[in-house]
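I opened this entry to keep track of what I looked up, going from single residues to the whole chain.

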Amino acid sequence: MTKFNIPLDCENSPKKAFLRDLNIAFMTGDVDTILNSVSADIQWEMVGDKVISGLEDFKSAIMEMADFKAEVFTIHQIITHGKDAALTGEFVDSDNTYSFCDVYEFVSAGKNSIRKIRSYLIKMK
């Protein structure tokens, strides 16, 4: 079971709460929540690795990741402004610690539907 460390200030912003819940969905393998959070033209760039375009390819990638469970998942910071947002944190699996930053572009400032994700992942140890 994953231990979650999440800042308490997520409740004062609907976008922060949305991104918190999305990241929890990634760590718990909640594919439906993840798919319901993105637009049909989703583009996910995993910097230095690959770019996934379109809902079907995105769904395939998410399904491949659905069984991954971190031991510890920490959100350090969530920043939102208009249709853009960023979330930083780290997670620990059985052998490694990773730091990450995800940068999000929403369809619009008023919608909780993500059009683009750019993910930076660094293996720490």
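I call a residue buried when its relative accessible area is under 20%, exposed when over 50%, and partly exposed in between. The model is a predicted one.

**Entry 1: Leu-87**

I began with Leu-87, which sits in strand β5, residues 84-92. Is Leu-87 buried or exposed? Its relative accessibility is 0%, so Leu-87 counts as buried. I then listed its contacts, leaving aside neighbours within four places in sequence. On the lower-numbered side I found Leu-19, Asn-23, Ile-75, Gln-77 and Ile-78 among them. The list also includes Phe-100, Cys-101, Asp-102 and Tyr-104. I also checked one distance: the C-alpha atoms of Leu-87 and Arg-20 are 8.6 Å apart, with their positions 67 residues apart along the chain.

**Entry 2: Lys-83**

Next I took Lys-83, in the loop between β4 (72-81) and β5. I noted a relative accessibility of 35%, and because that value falls between the two cut-offs, Lys-83 counts as partly exposed. Which residues does Lys-83 touch, beyond its neighbours within four places in sequence? They are Tyr-104, Glu-105, Phe-106, Ser-108 and Ala-109. Tyr-104 was already in my list for Leu-87. For Ser-108 I also looked up the C-alpha separation from Lys-83, which is 5.1 Å for two residues 25 apart along the chain.

**Entry 3: Ala-25**

Ala-25 belongs to helix α1. At 2% relative accessibility it is under the 20% limit, so I count Ala-25 as buried. With neighbours within four places in sequence set aside, Ala-25 has contacts with Asp-30, Thr-33 and Ile-34. Thr-33 and Ile-34 fall in the range of α2, residues 31-35. I also looked at Lys-50, 25 residues from Ala-25 along the chain; the C-alpha atoms of Ala-25 and Lys-50 are separated by 22 Å.

**Entry 4: helix α3**

Which residues of α3, residues 55-65, are buried? I found Phe-58, Ala-61 and Ile-62. Looking down the axis of α3, I see these buried residues fall within an arc of 100°, so they line one face of the helix. An α-helix has 3.6 residues a turn, so residues three or four places apart point the same way. The face of α3 turned away from the buried side carries Glu-56 and Glu-64, both exposed.

I then asked what the buried residues of α3 pack against. The partners are two helices, α1 (14-28) and α2, and three strands, β2 (38-46), β3 (50-53) and β7 (114-123).

Met-63 is also in α3. Its relative accessible area is 46%, which makes Met-63 partly exposed. Met-63 and Ile-42 lie 21 residues apart in sequence, and their C-alpha atoms are 15 Å apart in space.

**Entry 5: whole chain**

I closed with the chain as a whole. How many helices and strands does the protein chain have? There are three helices and seven strands. Along the sequence their order is β-α-α-β-β-α-β-β-β-β.

I compared the radius of gyration with the globule rule: 125 residues would give a value near 14 Å for a compact globule, and the protein chain has 14 Å, so the two agree. The box filled by the C-alpha atoms, along the principal axes, is roughly 40 × 35 × 25 Å.

Of the 125 residues, 41% are buried. I noted an accessible surface of about 7,100 Å², with 52% of it belonging to carbon and sulfur atoms. Among contacts between residues at least 6 apart in sequence, 47% join residues at least 24 apart.

Last, the charges: I found 14 positive and 19 negative side chains, and the centres of the two sets are 5 Å apart.

Note on methods: Residues are numbered from 1 along each chain as its sequence is written. This is a predicted model: local features need pLDDT of at least 70, side-chain atom pairs count only at pLDDT 80 or more; totals for chains, interfaces and linings use all residues. Side-chain values use heavy atoms; hydrogens and water are left out. Helices (H or I, at least four residues) and strands (E, at least two) are DSSP runs, numbered from the N terminus. The radius of gyration is taken over C-alpha atoms; the globule rule is 2.2 Å times the number of residues to the power 0.38. Buried means under 20% relative accessible area, exposed over 50%, partly exposed in between (1.4 Å probe, protein chains only). Contact means heavy atoms within 4.5 Å. Accessible areas come from the Shrake-Rupley method with a 1.4 Å probe; for residues, only the protein chains shown count as cover. Lys and Arg count as positive and Asp and Glu as negative; His and the chain ends are not counted. The place of a charge is taken as NZ of Lys, CZ of Arg, CG of Asp or CD of Glu. The arc is that of the directions from the helix axis to the C-beta atoms.
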